[in-house]
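User: I would like to go through this model term by term, asking each time what justifies the word that is used.

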Amino acid sequence: MKSIGIVRQVDELGRIVIPIELRRVMGMNEGDPVEFFIDDQANRLMFRKYQSGCLFCDSMESISYFRGRQVCSSCLRDMAPQPDVDSMAVLESETALESGEQSEKGKMGGKGANALRRLAEVMQTYPNATQGEWASQLGISQGYVSQLIRKLDKKA
Ligand SMILES: [Zn+2]
């Protein structure tokens, strides 16, 4: 910021005249609203032609309208549809479950408990089958079956 060498006096009503050259430069016309800014040390007052900026970041750059509010192109990009986070989280949880890292609480725990119960049933029905055969009965991997069996062993 630099001084442009113009000094004006404040009148008895607190008004100052904005020099015509500056109004031209700033595109200020009669009746235009102006917005004031004060710096952190409160020793400088600034103003500009009022123009509300981005709803989120106050930027004035490439503003467009989203549901009647002004949003800059950068925030608009951030709002663009993201990959479905919920389904990704479920996918990760299922992977964790398969690798036996999932704890037994929460909704995935319920699923794990369910798999244990089904495995116990299959093992009772086919006591002489292999782990691979139990796995294909349940539609899960053999590795998962052996993990479940280890859990069953712990419970027993
Ligand atoms: Zn923005």
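User: How are the donor residues of the zinc ion spaced in sequence?

Analyst: The donor residues of the zinc ion follow the spacing C-x2-C-x14-C-x2-C. This is a predicted model, in which local features need pLDDT of at least 70 and side-chain atom pairs count only at pLDDT 80 or more, while totals for chains, interfaces and linings use all residues. Residues are numbered from 1 along each chain as its sequence is written, and side-chain values use heavy atoms, with hydrogens and water left out.

User: What makes Cys54, Cys57, Cys72 and Cys75 donors of the zinc ion?

Analyst: A donor is an N, O or S atom within 2.8 Å of the metal (3.2 Å for Na, K and Ca), and water is not among the atoms, so sites may look incomplete. The SG atoms of Cys54, Cys57, Cys72 and Cys75 coordinate the zinc ion at 2.2 to 2.3 Å, so they meet the 2.8 Å limit.

User: Why is the arrangement around the zinc ion called tetrahedral?

Analyst: Four donors count as tetrahedral if all angles lie between 85 and 135 degrees. The 4 donor atoms around the zinc ion subtend angles of 106 to 116°, and therefore the arrangement is tetrahedral.

User: Why are Cys54 and Cys72 called buried?

Analyst: Buried means under 20% relative accessible area, exposed means over 50%, and partly exposed lies in between (1.4 Å probe, protein chains only). Cys54 has a relative accessible area of 1% and is therefore buried, and Cys72, with 4%, is buried as well.

User: How do you know that S1 and S2 are paired strands?

Analyst: Strands are DSSP runs of E with at least two residues, helices are runs of H or I with at least four, and both are numbered from the N terminus. Two strands pair if DSSP finds at least two bridges between them; S1 (residues 34-38) and S2 (residues 45-49) pair in the antiparallel sense over 5 bridges, so the condition of at least two is met. One of the bridge partners is Met46 in S2, opposite Phe37. The two strands form a hairpin with 6 residues between them, and Ala42 in the turn has a positive phi of about 60°.

User: What makes the contact between Arg48 and Glu35 a salt bridge?

Analyst: A salt bridge is a side-chain nitrogen of Lys or Arg within 4 Å of a carboxyl oxygen of Asp or Glu. The side chains of Arg48 and Glu35 meet at 3.6 Å, N to O, so the pair satisfies the limit of 4 Å. Arg48 lies in strand S2 and Glu35 in strand S1, so the pair ties together parts that are 13 residues apart in sequence. The structure holds 4 salt bridges, among them that of Asp32 with Lys49 (3.7 Å, N to O).

User: Is Asp39, which meets Arg44 in a salt bridge, buried or exposed?

Analyst: Asp39 has 13% relative accessibility and therefore counts as buried, whereas its partner Arg44 is partly exposed because its relative accessible area is 43%. The side chains of Arg44 and Asp39 meet at 3.0 Å, N to O.

User: Which residues make the nonpolar surface patch, and why can Val34 belong to a patch?

Analyst: Val34, Phe36, Ile38 and Leu45 make a nonpolar surface patch of about 400 Å², with areas from the Shrake-Rupley method. Patches are made of residues with over 30% relative accessible area and no salt bridge, like charges being joined within 9 Å and nonpolar side chains (Val, Leu, Ile, Met, Phe, Trp, Tyr) within 5 Å. Val34 has a relative accessible area of 31%, so the threshold of over 30% is met. Strand S1 gives the most to the patch, with 3 residues.

Technical notes:
Accessible areas come from the Shrake-Rupley method with a 1.4 Å probe; for residues, only the protein chains shown count as cover. Four donors count as tetrahedral if all angles lie between 85 and 135 degrees; four count as square planar and six as octahedral if opposite donors are over 155 degrees apart and all others between 65 and 115; anything else is irregular.
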